[in-house]
Amino acid sequence: MKKIAVITSGGDCPGMNAAIRAVVRVAMANQIEVWGIKNGYAGMIANDMTQLDSRSVGDIIHKGGTFLGTARSEEFKTLTGRQKAVANLQAHGIEGLVVIGGDGSLTGAKLLAELGIKFVGLPGTIDNDIWGTDYTIGFDTAVNTALDAINKLRDTASAHGRVMLVEVMGRACGWIALTAGLAGGAEIILIPEQPFSSENICRQLLESRAKGKQYSIVVVAEGAGSAIDLGKVISAKTGLETRVSVLGHIQRGGAPTVSDRLLASRLAERAVRDLLQGKSDIMIGYRNNQCVEVPITDAISKKKDIDPELYRLSDVLSQ
């Protein structure tokens with residue numbers, strides 16, 4: 001194998017640049033030419049590619065987002081679009097691909113493999129919802145961003161004796177809410193995986209006040225419901241002064257944490273080594289402090305569940 005390419009696709013996340021950097025430098029250490037594909041699969045179809053070298057990826061390990069850019073592509077969902085993408089890769093002599101992204105991006109890579117393109121995927125998403133890996137690139141940074149917000153909101157909640165609702169990302173998965181809420185000492189954590197009723201939430205908050213708690217933090221994953229709507233219900237039914245903060249896309253940005261930089265670098269190094277060994281149709285995950293190979297079919301088809309022990313612990317510690 002003489003040429004490979006690297007692509008970031010889907011939602012951006014902190015640590016993508018660190019992964020790109022590692023792909024390029026590990027490949028070059030093995031005398032492999034590296035191309036960067038801009039703006040995800042849309043750029044692959046548009047033939048928007050550039051050759052990368054060691055200096056191309058200097059001074060990026062500490063930056064959030066992805067300097068290659070990312071975009072969603074409706075055309076790539078069609079066979080004609082994918083065939084165009086493959087033709088562009090082949091025209092450049094690219095023999096292997098490192099794909100960094102979430103389940104949609106990894107599914108796209110599998111579709112390319114059906115047309116003859118070798119690839120290794122890296123799990124890059126703040127949601128931590130990819131099966132086969134304990135952590136995804138970007139998750140730790142997003143959780144720490146949410147935790148920082150919770151810490152600051154706790155100060156003002158305490159000063160005014162308020163109920164403070166914090167809505168974090170997670171449409172179908174509650175990992176960010178559960179992890180940040182547990183670390184931030186939230187009284188209530190609401191995630192899509194666990195049903196709840198507003199009546200029970202109001203009862204819990206009133207019981208907390210009766211026990212002497214002067215304020216409360218409620219962390220809400222966006223997929224569990226609207227924190228704004230729930231805040232209105234809580235205010236109306238309990239009479240407690242309530243405020244809501246929706247963190248939104250701030251969780252996607254910022255300098256990646258040490259954990260995300262190391263994770264991205266380790267996974268990327270393994271991905272390049274596996275490609276050079278002729279391996280394909282796999283994702284490199286991280287389990288029990290080791291890089292592991294995960295069949296791509298498993299990674300994109302199996303559901304990663306919330307750890308019930310973490311949820312139980314959050315309930316115990318919130319008393």
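## Helices and the binding site

A helix here is a DSSP run of at least four residues, counted off from the N terminus along with the other helices. With that in hand, we can place Gly 104: it sits in helix 4. Keep in mind that what you're looking at is a predicted model.

Gly 104 is one of the residues that an unreviewed UniProt entry annotates as "binding site"; the others in that record are Gly 11, Arg 72, Ser 73, Gly 102, Asp 103 and Ser 105. And where do these residues turn up in the model? Gly 11, Arg 72, Ser 73, Gly 102, Asp 103, Gly 104 and Ser 105 are all part of the lining of the largest pocket.

## Two glycines, two settings

Is Gly 104 buried, exposed or partly exposed? Its relative accessible area is 49%, so Gly 104 counts as partly exposed. Gly 102 has a relative accessibility of 13%, and because buried means under 20%, Gly 102 counts as buried.

Gly 102 is in the loop that runs between strand 4 (96-101) and helix 4 (103-113). Setting aside neighbours within four places in sequence, Gly 102 makes contact with Gly 124, Thr 125 and Ile 130.

## The nonpolar cores

In soluble globular proteins, nonpolar side chains tend to be buried together. Here, the largest nonpolar core has 62 residues, and Val 6, Leu 122 and Ile 176 have the most contacts inside it. Helix 1 (residues 16-29) is the biggest giver to this core, with nine residues. There's also a second, separate core of 27 residues, and among its members are Ile 45, Leu 89, Ala 109 and Ile 130.

Back to Leu 122 for a moment. Not counting residues up to four places away in sequence, Leu 122 touches a long list of partners, including Ala 19, Val 98, Val 99, Ile 100, Leu 106, Ile 137, Leu 267, Met 283 and Ile 284.

## Where two helices pack

Helix 6 (residues 175-183) packs with helix 11 (residues 308-317) at an angle of about 40 degrees, and their axes are 10 Å apart. The crossing of this pair, helix 6 and helix 11, is left-handed.

Which residues meet there? From helix 6 come Trp 175, Leu 178 and Leu 182, and they meet Leu 310, Tyr 311, Leu 313, Ser 314 and Leu 317 in helix 11.

## A buried serine

Last stop: Ser 216, which lies in strand 8 (residues 216-221). Its relative accessibility is 0%, so Ser 216 counts as buried. Apart from residues up to four places away in sequence, Ser 216 touches Arg 162, Val 163, Met 164, Glu 187, Leu 205, Ser 208 and Arg 209.

How values were computed:
Residues numbered from 1 in each chain as written. Predicted model: local features only at pLDDT ≥ 70, side-chain atom pairs only at ≥ 80, totals over all residues. Heavy atoms only, no water. UniProt positions renumbered as here; feature names shortened; annotations may be inferred. 1 Å grid on protein atoms, 1.4 Å probe; cavity = no way out; pocket = protein on both sides within 12 Å on 5 of 7 lines; lining within 4 Å. Buried < 20%, exposed > 50% of the residue type's maximum accessible area, 1.4 Å probe, protein only. Contact = heavy atoms within 4.5 Å. Core = buried A, V, L, I, M, F, W, Y, C linked by side-chain atoms within 4.5 Å. Axes fitted to C-alpha atoms, helices over the stretch in contact; angles between N-to-C directions. Left-handed = near helix turned anticlockwise from the far one by under 90°.
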